[in-house]
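Student: I am new to this structure and would like a close look at a single part of it. Could you take me through one region slowly, joining the details as you go?

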Amino acid sequence: MTADELVFFVNGKKVVEKNADPETTLLAYLRRKLGLSGTKLGCGEGGCGACTVMLSKYDRFQNKILHFSANACLAPICSLHHVAVTTVEGIGSTKSRLHPVQERIAKSHGSQCGFCTPGIVMSMYTLLRNQPEPTMEEIEDAFQGNLCRCTGYRPILQGFRTFARVSGGSGTAAKAATLKDHSWEGSKGPWKEEETGIEMKFKNKLFPMIVCPAWIPELNSVEPGPEAEVEVSAPDTDTTATDSLPGWRRAGSSFHCATRVRSVGGNIITASPISDLNPVFMASGAKLTIVSTGTRRTVRMDHTFFPAYRKTLLAPEEILLSIEIPYSREGEYFSAFKQASRREDDIAKVTSGMRVLFNPGTVQVKELALCYGGMADRTISALKTTRRQISHFWNEGLLQDVCAGLAEELSLAPDAPGGMVEFRRTLTLSFFFKFYLTVLQKLGKENSEDKCGKLDPTHASATLLFQKDPPANVQLFQEVPKGQSEEDMVGRSLPHLAAAMQASGEAVYCDDIPRYENELSLRLVTSTRAHAKIKSIDTSEAQKVPGFVCFISADDVPGSNITGIYNDEMVFAKDKVTCVGHIIGAVVTDTREHAQRAAQAVKITYEDLPAVITIEEAIKNDSFYEPELKIEKGNLTKGFSEADNIVSGELHIGGQEHFYLETHCTIAVPKGEAGEMELFVSTQNTMKTQSFVANMLGVPANRILVRVKRMGGGFGGKETRSIVVSTAVALAAYKTGCPVRCMLDRDEDMLITGGRHPFLARYKVGFMKTGRVVALQVEHYSNAGNSMDLSQHIMERALLHMDNCYNIPNIRGTGRLCKTNLPSNTAFRGFGGPQGMLIAEYWMSEVAVTCGLPAEEVRRINMYKEGDLTHFNQKLEGFTLSKCWDECLASSQYHARKREVEKFNEENCWKKRGLSIIPTKYGISYSIPFLNQGGALIHVYTDGSVLLTHGGTEMGQGLHTKMVQVASRALKIPTSKIYISETSTNTVPNTSPTAASVSADLNGQAVYEACQTILKRLEPFKKKNPSGSWEDWVMAAYLDAVSLSATGFYKTPNLGYSFETNSGNAFHYFSYGVACSEVEIDCLTGDHKVEGAFVQGLGLFTLEELHYSPEGSLHTRGPSTYKIPAFGSIPSVFRVSLLRDCPNKKAIYASKAVGEPPLFLAASIFFAIKDAIRAARAGNTDHKMKKLFQLDSPATPEKIRNACVDKFTTLCITGTAENCKPWSVRV
């Protein structure tokens, strides 16, 4: 082996790279060089865990092999010298044998779309290699870097509970034997800076040298020092460092980091202003040993160590060798605090380290350190405030003085980066109050000095962290009837047919298709302005990038550049852009990396035009799409005149990013004759992809073949917006004559493709003293973005659901679509329904508060009954909601639980609980009648095997599995004989998008019809040979020249609602549900813990927040800034049951849509939070507060904390100057 050879192992096989490119990541190497596509690209920034692999290396210091889970998307291959890499393919396969981890996640329904599954499997596998019998807590901790958007995590944890104890070549690479072996100037390493992978990926930085310090003994140890400190060498991993510290020394910290490979020294030198560790080290008075060639010095990590943003005291040639952490002394107390959007693997909003040392035997302050991250462009110490407290006693006077001092010293400008100004300022006070109480609590146990403050017993819970119990889950459903054939799988709990392949990494997604020999890569070039004229496009620098092939734009389109559902969009913007992220063109190169570099080199000049960003700006500028929608029933004037009370208000509901784990992806392959082209696409809508591409290329639709094997999640985001990528890729393939591939990076995907519509509602509700609602008027406004897309139909569904489950005699709802300069918003699970229903439940809760009646009683007296007409005049038949409501009240022990909540709230001042029970009624059908159609094609082969195709696509919802169940029962053959390969436009034409929760109903009935045709043809052969087998009858039919191929078709009957006449059926049937949730909030930080929910809805209503600049640019473009629920977000108690003995007569084999309806039930968390805030406000008698208060969705920690008005929030009110532009605006 020569010195410059890189040697590592992948799944037991030796890999030798003679000229390793230090910029190549392990993920790119595995997928492209080794053809191991099981490891997925989900985000490219180490935030989703889809690329998780296990790294194993021999540790010479501990004399054992260590196993780590690592993000392959960030790990450079050059850091892997003598490391063994294990991927999902290396632990088991369906061809040989699945590993128990793979088998259990598959059998427990823990793999749905399957894109996240390999990463989750590898996190679990790594844990078991390190800890063969883990606790449930260790299992949950192992997934702190993994995200899943489909399953809600419950089935994954359920499956893994069984393991628990109780049940491009521009640089060089180097490895060094010791510190002396290398000159460090101009190089990068984790002790210099830990974000090398991120900077190469997102900032397009190139480094002359990247050094891996894992091989340097001096940089990999933890040693107890003299009496005064523990010494940690700088790049030691966080896990190694904390594992080596004595347990009692670690117990005081209340922050947590995800267990991925990263280093202590890198955390310091990165100098992040929101670092978790730096405030802790600064407050502790840690000493840093800094070395360079021939010099060595020690500095204290104090307020001078970070002179500016991302800067430290180190000179360019210096590196950090070690950190000395002092032991605590007699009379010294230390705490650390962090508040983030999500409890695990999340960047802090504010983080802090706090230390107090008292004079011996007293409670008189000798030293006080209060250090914060998230309050400036660096980690800071509140020196003015702390210096004033020296010699003061630890009592109420000191508390008030410190809070006033912090409010003054740690001010933030109204336009501070990161926003949330009042929240962050309040947190600095809340954290100190928690520290003050914690120290009081400890002092109370140790002395009873007169000058020490006394701990109010109702304040004690403020010092406690939320204790998360291992999740307890129950799912109840009805058994199949006795006597049902073993082979009949309808009604049985059948795992997803592809689950085992997904768990072993064998399932093929769009980007897993092997590269073609002459394949090219495409990268979109998008607008950086919200509204502007395009003055010039300069591609000269892009053309200099190696591997550059061409730049494509509107000028290259051979057919029509006009596209979109309403023909109001362009394939490529021409002359003008109307949002940040508007596609102007694309570069085509030989590799993905070169495409990224070339796209960034394209220079575009603009002339800015006035932009409309928010709903309020659209209303002010009368910027709307037509038509204005309206539903009206009864006499509104009469209703309001008869009402005892009238309440009016407004509610804003934020948007939501789909965050499917697989981003948009298309491969276009030109066939070279008659304009034929084959497209492999991750889309829910094969028909529109086909027709829009054909229109753009100027060819008939019959020349364009669109194929979909499966998607890594969709949720509505791939119903129409996937086509903006597919048309661009198809044009590049047309122009170059080569296959072209494009898979969007996560930041591109989030920027370009839009999400759930933000809504603003202005409501007025009239009601009697009994709580009976007699009149309702709601004005709905949605932020549609820069094109119509599906916005009209989304608003229609919002209006059709504005009643939720309540019979309101006099009602008017209007809907306006705001035309703004944001990327077009689109379909998202629920399709306007959740927004309409949240507004209904919001005013209903205000009715209950105003009447002083229990909310559950007010909801019950307003509820529909069997046979009632809705506000859109559809009769309710098979109305099972009352049954659901009573069952949920009983199973949740609602009334007993309510008494416990009231008792808890009386006994605790700074922690409060809330309880809420919420119903839902969700209409099943497309709102456009002609879309309610399904098609199927069946081929029966002479060996008796069946190839089934239908109009729906598979995105994790198990649609193919259900269709196989339908065909199996209809044909009376085992599911093992039936196979679905893919969805394609050359098998079932003109298909409706897979959406609206109706795909199983529509396509299932079409499959049934096709099966009946086959059975009819086989009937004579069955009669001739009644004791024969399926195979006998099939062969007999073939020998008699009978067709064994059939199509099936179905359309939903009796649909056709008219907004003009408010008549006709809007829906085929309704799905009903009820959820009860209990929530505990921390009034000081806004943190909360949930006892029941549906997880994507939990994200929508409490966590996920999109932030836009006033100029319309999206700040939240990846998992580091946009937070979806994680494993730790799910309820600690989660019980789900399906109503028994209520078959649906209106769909195939009593099928009932459950894709979208349950999402809204998570609103029960939102209203439980509001209930808890109301308890906090009622208990705060110092501030006279109104009973009714506005809480917009999502109810984030910021909104919860700010709504719990108290002495701390009043100190932190921040005014805004008229000309001040905030960091983000509510769109």
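**Aromatic rings and a helix pair**

Tutor: Tyr1057 and Phe1059 are both buried, and they make a good place to begin, with the reminder that this is a predicted model. For Tyr1057 the relative accessible area is 15%, which is under the 20% cut-off, and therefore this residue counts as buried. Tyr1057 and Phe1059 form an aromatic pair with 5.0 Å from centre to centre and 80 degrees between the planes, an edge-to-face arrangement.

Tyr1057 also pairs with Phe872: their ring centres are 6.1 Å apart and their planes stand at 80 degrees, so this pair too is edge-to-face. The link joins distant parts of the chain, since Phe872 lies in the loop between H23 and H24, whereas Tyr1057 lies in the loop between strand E40 (1045-1051) and strand E41 (1069-1082), 185 residues apart. Phe872 has 0% relative accessibility and so counts as buried. Phe872, Tyr1057 and Phe1059 belong to one aromatic cluster, which also includes Phe879, Phe1067, Phe1070 and Tyr1072.

From the loop that holds Phe872 we can turn to the helices on either side of it. Helix H23 (residues 855-862) and helix H24 (residues 881-891) pack with their axes 12 Å apart and at an angle of about 165 degrees, and because an angle over 145 counts as roughly antiparallel, that is how the two helices run relative to each other. The crossing of H23 past H24 is left-handed. In their contact, Glu856, Arg859 and Arg860 of H23 meet Ser882, Trp885 and Asp886 of H24, and these residues divide into four charged, one polar and one nonpolar.

How values were computed
Residues are numbered from 1 along each chain as its sequence is written. This is a predicted model: local features need pLDDT of at least 70, side-chain atom pairs count only at pLDDT 80 or more; totals for chains, interfaces and linings use all residues. Side-chain values use heavy atoms; hydrogens and water are left out. Axes are lines fitted to C-alpha atoms, for helices over the stretch in contact, and angles run from 0 to 180 degrees between N-to-C directions. Helices (H or I, at least four residues) and strands (E, at least two) are DSSP runs, numbered from the N terminus. Angles under 35 degrees count as roughly parallel, over 145 as roughly antiparallel, 65 to 115 as roughly perpendicular and the rest as oblique. A crossing is left-handed if the near helix is turned anticlockwise from the far one by less than a right angle, and right-handed if clockwise. Contact means heavy atoms within 4.5 Å. Ala, Val, Leu, Ile, Met, Phe, Trp, Tyr, Cys and Pro count as nonpolar, Asp, Glu, Lys and Arg as charged, and the others, Gly among them, as polar. Rings of Phe, Tyr and Trp (its six-membered ring) pair if their centres lie within 6.5 Å; planes under 30 degrees apart count as stacked, over 60 as edge-to-face and the rest as tilted. Buried means under 20% relative accessible area, exposed over 50%, partly exposed in between (1.4 Å probe, protein chains only).
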